[in-house]
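Visitor: I should like a close look at a single part of this structure. Please take one helix and describe how it relates to its surroundings.

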Amino acid sequence: MISALVVATGPLRAAETNTLGSDEPVRYLAELKSLYLTGDERQALLAHANALLKTYGLRASYQVGQPDPHDLDYRLDVGGPGELRIREERRDASGNLAVRNRSLSVFGLDPYLQYRCPTQGVVCTFGNTPGGEPWLTILRDPQGAEELAKALSFLLRNLQKG
């Protein structure tokens, strides 16, 4: 009888454990607010995304044998309601700097960001613009790309709230 009770309650506990994942967003955002010393979710998410972009930035030194090696840096900021601004700085081997600023409307955008880290390359790319061009490119690091995708997904959902 006791063994039947233990067996019967085993799956119940497992099911209860699986439902605890619903606090994960709250826990994640609380950790970021604590890490970046702010009470504002959006500021914490922006700071974290920008820190990850700096950490996993593409550098010319990783592009040995590639044509046109360059450093690629990004900075994210919030524009108007529902607008994510992306500043891209590209520095070539000669030290020439090209800056491009883009705005991305997050309304209607799937917040579950897709990224690609092909095994035969040195980069991971995020999302595509209407022209088919990725809107972020980082060093090929699948764990770093996953961490950045998570932060960006939370940031996009936050911006979609208005």
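Guide: What follows concerns helix α4 and the nonpolar core to which it contributes. The model is a predicted one.

Helix α4 comprises 19 residues and spans 26 Å between its first and last C-alpha atoms, close to the 27 Å expected at 1.5 Å a residue. It runs over residues 142–160. Its buried residues are G144, A145, L148, A149, A151, L152, S153, F154, L155, L156, N158 and L159. After the helix comes G162, with a positive phi near 105 degrees.

The largest nonpolar core of the model contains 36 residues, and F126 and L152 have the most contacts inside it. Two or more residues come from each of the helices α2 (24–35), α3 (41–55) and α4, and from each of the strands β1 (70–78), β2 (83–92), β5 (123–128) and β6 (134–139). Among these contributors, α4 gives the most, namely nine residues.

L152 deserves particular attention, as a buried residue of α4 that is also one of the two with the most contacts inside the core. Leaving aside residues up to four places away in sequence, L152 touches A49, L76, L113, F126, W135 and L136. Of these partners, A49 falls within the range of α3, L76 within β1, F126 within β5, and W135 and L136 within β6. F126, a contact of L152, is the other residue with the most contacts inside the core.

Note on methods
Residues numbered from 1 in each chain as written. Predicted model: local features only at pLDDT ≥ 70, side-chain atom pairs only at ≥ 80, totals over all residues. Heavy atoms only, no water. Core = buried A, V, L, I, M, F, W, Y, C linked by side-chain atoms within 4.5 Å. Buried < 20%, exposed > 50% of the residue type's maximum accessible area, 1.4 Å probe, protein only. Helix = DSSP H or I, 4+ residues; strand = E, 2+ residues; numbered from the N terminus. Contact = heavy atoms within 4.5 Å. Expected span 1.5 Å × (residues − 1).
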